[in-house]
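Welcome, and please load the model in your viewer. We will go from one selection to the next, with a word on what is there at each stop.

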Amino acid sequence: MFQKLQKFKDLIINSKNILLINHIKMDADAFGSLAALFLVLQKMSKSVKAVNDSETPKDFDFLLDKKIIEPELDISEFNPDLIISLDAASQSQLWEIYKNFENIFLEKNFVVIDHHQTNPWFWNLNFVYPNYSSTCELLYDMLIELNFEKYIDKKIATLLIAWIHTDTNIFYNQNTTPNTLKVASELIKLWADFRSPIYNFYQKISLNRLKLFAKAIESLEVFWNLIIWNLKNDDFRNTNTSLEDTSGIINKLSNIEENEAICMIYEVDDWVKVSFRSKNIDIWNFCASFPNWWWHKNAAWFYLKANLEESKKIILEKFKKFF
Ligand SMILES: [Mn+2]
């Protein structure tokens, strides 16, 4: 990595205007790495701007109190000497921004920093290392090699540890390596507040979400080794919540000792969203047998144009055949 890093360092030193970009629907790793590098480059007196197709999600306010992402930024006017992409696995994850300013992206120095296995090394200088749990962990090692440790203050160290929950599930996922723990320990030495990302992304729960949770538990039904929960349009209305508030519920509920698979059915107007998690049985083929299906890490889901009771029947009949 050393030769490449020297080139990267030269690019930074010789650039005046630097543009940072991360993937659409940014998560804590994408935001933490972008914001940390943003502040480091500012300390080096660079003119830095950051862009994404949407503003920083409110959930990240505890990490940084100013809005640094400018969705409406006119990139041609800013005229960057260097563009750095963080935590994006492909051009398509840069979405409209990339399409709208493709000419600029093509003609500038473009550096990719990422840890996704599927990343095709999509630009001319790529730091893509899938052994890293997170882009933040990788960026930290790069900053140290670049001799930029002096810029890492408490705020930057906290941004660099924001991935603990989202990318390693608090050191539980298998992507946690000795280096992950070493980087976390060094960040804590630099006064990173490692508890606030855990509290904000994992532990805290709003009263409305808790009420939604209770509705889900009330609806529990067991069929063989499958547990089914559902949430109706009314449940969302009565608890003043939306589909977004269900994130986290299924993960918590899928830890029930007795189940092999868990299925959560959400009413979304006159459709239902069916979300599956499993421990040992292969639910991917099962979900793939429905149209409108999708998958991500340990999860798979699909949409059905049916009401709750109908969809439950369809799922159970097919589940019986599959398993
Ligand atoms: Mn990541």
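Before the first selection, one convention: two strands count as paired if DSSP finds at least two bridges between them. Helices (H or I, at least four residues) and strands (E, at least two) are DSSP runs, numbered from the N terminus. Bear in mind that this is a predicted model, where local features need pLDDT of at least 70, side-chain atom pairs count only at pLDDT 80 or more, and totals for chains, interfaces and linings use all residues. Residue numbers start from 1 along each chain as its sequence is written.

**The whole chain**

Show the full chain as a cartoon: 15 helices and eleven strands are there. The radius of gyration is 22 Å, close to the 20 Å from the globule rule for 323 residues, so the chain is as compact as a globular protein of that length. That radius is taken over C-alpha atoms, and the rule is 2.2 Å times the number of residues to the power 0.38. Turn the C-alpha trace along its principal axes and you will see spans of about 65 × 45 × 35 Å.

Now colour by burial. A residue is buried if 20 or more other C-beta atoms, placed from the backbone, lie within 10 Å of its own, exposed if 12 or fewer, and partly exposed in between. Of the 323 residues, 37% are buried. For contacts, the test is that two C-beta atoms, placed from the backbone, lie within 7 Å. Among contacts between residues at least 6 apart in sequence, 66% join residues at least 24 apart.

**The parallel sheet**

Select β1 to β5. They form an open sheet with parallel pairing, in the order β2-β1-β3-β4-β5. Which strands stand at the edges? They are β2 (47–51) and β5 (125–128); each has a single partner strand, so one side of each has no neighbour in the sheet. From one strand to the next, the twist averages 15°.

Next, pick β3 (residues 82–86), which pairs in the parallel sense with β4 (residues 109–114) over five bridges. Two cross-strand pairs to label here are S85 with its bridge partner V112, and I84, which stands opposite V111. On its other pairing, β3 runs parallel to β1 (residues 17–22), again through five bridges, with N22 opposite L86.

Is β3 buried or exposed? Five of its five residues are buried. Show the side chains and you will find L82, I84 and L86 on one side and I83 and S85 on the other, with both faces covered.

**Helices on the sheet**

Add α1 (residues 2–14), which packs on the sheet and touches β3, β4 and β5, its direction making about 120° with that of β5. Angles here run from 0 to 180 degrees between N-to-C directions, and axes are lines fitted to C-alpha atoms, for helices over the stretch in contact.

Then add α6 (residues 135–145), which lies across β3, β4 and β5 at about 120° to β4. Bring in α9 (residues 178–189) as well: α6 and α9 pack at about 65°, with axes 10 Å apart. That makes the two helices roughly perpendicular, a label that covers 65 to 115 degrees. To see who makes the contact, select E137, Y140 and D141 of α6 together with T180, V183 and L187 of α9.

**The antiparallel strands**

Move on to β8 (residues 261–268) and β9 (residues 271–278), an antiparallel pair with eight bridges. I265 is opposite V274 of β9. In the hairpin, two residues lie between the strands, and D269 takes a positive phi near 50°. Strand β9 is mostly covered, with six of its eight residues buried.

Strand β9 also pairs with β11 (residues 299–304), in the antiparallel sense over six bridges. Label S275 and its bridge partner in β11, W301.

**Last stop: W301**

Centre the view on W301, in strand β11. Where does its burial come from? There are 21 other C-beta atoms within 10 Å, so W301 is buried. Leaving out residues up to four places away in sequence, W301 touches K273, V274, S275, F276, C287, W293 and W294. Finally, draw a distance between the C-alpha atoms of W301 and C263: the two are 38 residues apart along the chain and separated by 9.1 Å.

Terms used. Parallel < 35°, antiparallel > 145°, perpendicular 65-115°, else oblique.
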